[in-house]
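Student: I would like a close look at a single part of this structure. Please describe one helix together with the elements around it.

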Amino acid sequence: MELYSDIISPPCQTVLLTARKLGITLNIKKIDLEDPADMAALTKVNPQHMIPTLVDGDHVMWESYAIAIYLVEKYGKDDSLYPKDPKVRSVVNQRLFFDIGTLYKNVLANLEEALADRKPSEEMETKLKKALDLAERFVTERSYAAADHLTIADIAMLSSITALGWFQYGLESYPGIRAWVSRVTPEFPDYEAFKQELQEQTKLYIEKHQIAQ
């Protein structure tokens with residue numbers, strides 16, 4: 001399987017971590033969205049030219065949550081990451097929709113301001129705080145985001161929380177989130193190597209674009 005990806009992208013991290021948890025080896029095709037040649041290659045397989053994009057034989061798909069669900073349902077040894085029980089799955093789905101529509105959405109809005117060397121508006125900061133307040137509640141109500149074990153909801157939300165590091169957003173007011181991150185990350189094989197690669201690639205991006213921190 002080929003994955004058009006860049007580890008610094010939170011949606012790509014969701015797919016990469018899902019594959020890591022499943023023990024799947026992906027042929028990574030690193031994509032620089034600012035490189036015309038890379039974009040031309042990506043557009044050949046995905047007319048929406050977005051990452052992550054997965055190519056599994058003659059099957060091509062994009063959108064990180066859709067890819068993660070596909071990988072679990074096709075290659076998972078069990079359904080633990082995306083439980084079949086309707087009630088449990090409904091909570092997992094709710095958390096995924098919360099992530100894309102609220103948590104990641106507001107992390108990204110603030111991140112885009114930081115990358116443009118602008119201060120986020122008070123409204124942006126307020127919306128991000130409200131999203132984090134909800135996330136704090138979700139991960140303190142139970143051991144994980146949606147169940148009593150790791151699911152793809154944790155993986156998606158972890159990618160969003162990790163993105164806060166781009167603009168050094170402190171989580172001192174969120175002990176539940178910090179404890180949850182410490183609980184979740186050891187569940188991925190060799191997460192420290194993944195984290196190191198992410199930090200190195202992020203640093204290179206910041207230096208290349210001369211982004212103030």
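Tutor: The following account concerns helix α1 and its surroundings. The model is a predicted one.

Helix α1 spans residues 10-22 and, together with β1 and β2, makes a right-handed β-α-β unit. The two strands of that unit, β1 (residues 2-5) and β2 (residues 27-30), run parallel and are joined by 4 bridges. Within this pairing, S5 stands opposite K30 of β2. Strand β1 also pairs with β3 (residues 53-56), here in antiparallel fashion and through 3 bridges. In this second pairing, T53 of β3 is the bridge partner of Y4.

Helix α1 also packs against other helices. With α3 (residues 64-75), the angle is about 10 degrees and the axes lie 9 Å apart. α1 is therefore roughly parallel to α3, as angles under 35 degrees count as such. On the α1 side, the residues in contact are P11, T14, V15, T18, A19 and L22, and they meet S64, Y65, I67, A68, L71 and V72 of α3. By class, this contact has 9 nonpolar and 3 polar residues, with no charged ones.

With α6 (residues 152-162), the axes of α1 and α6 come within 8 Å and cross at roughly 140 degrees. The two helices are therefore oblique to each other, and their crossing is right-handed. Helix α1 contributes P10, Q13, T14, L17 and T18 to the contact, while α6 contributes I152, I155, A156, L158, S159 and T162. This contact of α1 with α6 has 6 nonpolar, 5 polar and no charged residues. T14 and T18 of α1 take part in the contact with α3 and also in that with α6.

Key: Residues numbered from 1 in each chain as written. Predicted model: local features only at pLDDT ≥ 70, side-chain atom pairs only at ≥ 80, totals over all residues. Heavy atoms only, no water. Pairing = 2+ DSSP bridges. Right-handed = clockwise from strand over helix to strand, strands pointing away. Axes fitted to C-alpha atoms, helices over the stretch in contact; angles between N-to-C directions. Parallel < 35°, antiparallel > 145°, perpendicular 65-115°, else oblique. Contact = heavy atoms within 4.5 Å. Nonpolar A, V, L, I, M, F, W, Y, C, P; charged D, E, K, R; others polar. Left-handed = near helix turned anticlockwise from the far one by under 90°.
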